[in-house]
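Please open the structure in your viewer and keep the sequence beside it. The tour goes from one selection to the next and says what can be found at each stop.

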Amino acid sequence: MRAAETVTFGGGGLDRAAHLRSDPGALARSWSNAAARVLPLWRDKPLFAGGALGWIEPRHALVRDRRNGAIFLGLAGGAARFAIDMSDWQPEEMPDTLGAFVDISEQHHPDLPDDHRFAELRRGMTWLTPLEAELAATARGLIAWQKSHRFCARCGADSALAQAGWQRVCPACGAHHFPRTDPVVIMLILRGNSVLLGRSPGWPERMYSLLAGFVEPGETVEAAVRREVWEEAGIKVGPVDYLASQPWPFPASLMIGCRGVATSETITVDPVEIDDALWVSRERMLAIFAGEDDTILPARQGAIARFILSHWLADRLS
């Protein structure tokens, strides 16, 4: 693939400035700097302002008393960027789509301008510049981890935020806990002129994508590709190579894009794993991407599946 082309959430050039995470004085000065900005999130939904992230100043009434819980994301243009969890705020109306696969609802806090809205990151990820997308993914991933790992996995005691949000430390047993990232393989499985697609239970109607699955302990990426394809679709895979990766903070995955060559053709779907799988020719995939297919939708904009399929269609896979 062309080096200049990157997936959504990747290649933003964020200076993570990890050396500042353990420096309380530097963090305090960064928070007080006039150029610093804070990204609030509500129920894992970042604040948007139009087609960009809704950064606010640390002195804003909404966040100025929340510095102890702020997560330091890094430096953008030399200025500090922080994230704050505002999930304790209760809007007037709670959407019934909250946490669903598709959530088009937006929430407006009365202390913010009308164009500042909390929105699902899956929906807004393609609005953002590469740097803002990386910042949003980092913020969402860290805040989700902080909320789901409040208690020490060793002794069960309530742990405390440390390293500006990049660790949790247990005061009872001294254990240090770090943000998790779950490796997931997502596969462009080819046989001749066709690619293997599948759909998971609960997906929206007509939605198909490349097969994917978690890498298991003690397993290589290549072995995970072959195992997942065999388990889900009953297809044997031979050579496997790496294509690209994508941080996917829903909630904490690293999508590892691979290409595999199928050595069998007959599909046997495991109904526990997926609802359907099928071979799709290059010609049909072009029609799908053009919106001319009545049964399959093109892969979601911003997802690595679309990135890989687009490169395959354009013959840009190295």
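A residue is called buried when its relative accessible area is under 20%. At 12% relative accessibility, A164 therefore counts as buried. Please keep in mind throughout that this is a predicted model.

**First stop: the loop after β7**

Select A164, which you will find in the loop between β7 (160-162) and β8 (167-169). Besides being buried at 12% relative accessibility, A164 has a positive phi of about 55°, although it is not a glycine.

**Second stop: F9 and its surroundings**

Now select F9, in the segment before α1, where another residue that is not a glycine has a positive phi, in this case of about 80°. F9 has a relative accessibility of 3%, so F9 too counts as buried.

Add F250 to the selection and look at the two rings, which form a tilted aromatic pair with 6.2 Å from centre to centre and 55° between the planes. Because F9 lies in the segment before α1 (24-32) and F250 in the loop between β13 (237-248) and β14 (253-262), the pair ties together parts that are 241 residues apart in sequence. Both F9 and F250 are buried, and if you also display W248, you will see a cluster in which ring pairs link F9, W248 and F250.

Stay with F250 for two further details. R122 lies over the face of the F250 ring, at 4.2 Å from the ring centre, and the peptide bond that leads from F250 to P251 is cis, with omega near 10°. P251 is placed in the loop between β13 and β14.

For another arginine over a ring, select R199 and Y208: R199 lies over the face of Y208, at 5.7 Å from the ring centre.

**Third stop: strand β1 and its partners**

Which strands pair with β1? Select residues 37-42, which make up β1, a mostly covered strand in which 5 of the 6 residues are buried. On one pairing, β1 and β5 run parallel and are joined by 5 bridges; to see one of the partnerships, show L41 together with D85, its bridge partner in β5. On another pairing, β1 meets β2 (residues 45-49) in the antiparallel sense over 2 bridges, and here W42 has K45 in β2 as its bridge partner. The hairpin of β1 and β2 has 2 residues between the strands, and in this hairpin R43 takes a positive phi near 50°.

**Fourth stop: helix α6**

Is helix α6 largely enclosed or largely open? Select residues 304-313, and you will have a helix in which 9 of the 10 residues are buried, so α6 is largely enclosed by the rest of the structure. Among the buried residues of α6 are the aromatic F307 and W312, and R306 and H311 also belong to the buried set. Just after the helix, D315 takes a positive phi of about 55°.

**Last stop: a patch on the surface**

Finally, select F101, V102 and I104, which make a nonpolar surface patch of about 280 Å². V102 is found in the loop between β5 (79-85) and β6 (116-118), and with a relative accessible area of 45% V102 is partly exposed.

Key:
Residues numbered from 1 in each chain as written. Predicted model: local features only at pLDDT ≥ 70, side-chain atom pairs only at ≥ 80, totals over all residues. Heavy atoms only, no water. Patch = residues over 30% accessible without salt bridge, like charges linked within 9 Å, V, L, I, M, F, W, Y side chains within 5 Å. Areas by Shrake-Rupley, 256 points an atom, 1.4 Å probe, with all protein chains shown as cover. Salt bridge = Lys/Arg side-chain N within 4 Å of Asp/Glu carboxyl O. Helix = DSSP H or I, 4+ residues; strand = E, 2+ residues; numbered from the N terminus. Buried < 20%, exposed > 50% of the residue type's maximum accessible area, 1.4 Å probe, protein only. Phe/Tyr/Trp six-rings, centres within 6.5 Å; stacked < 30°, edge-to-face > 60°. Lys NZ or Arg CZ within 6 Å of the ring centre and 35° of its normal. Pairing = 2+ DSSP bridges.
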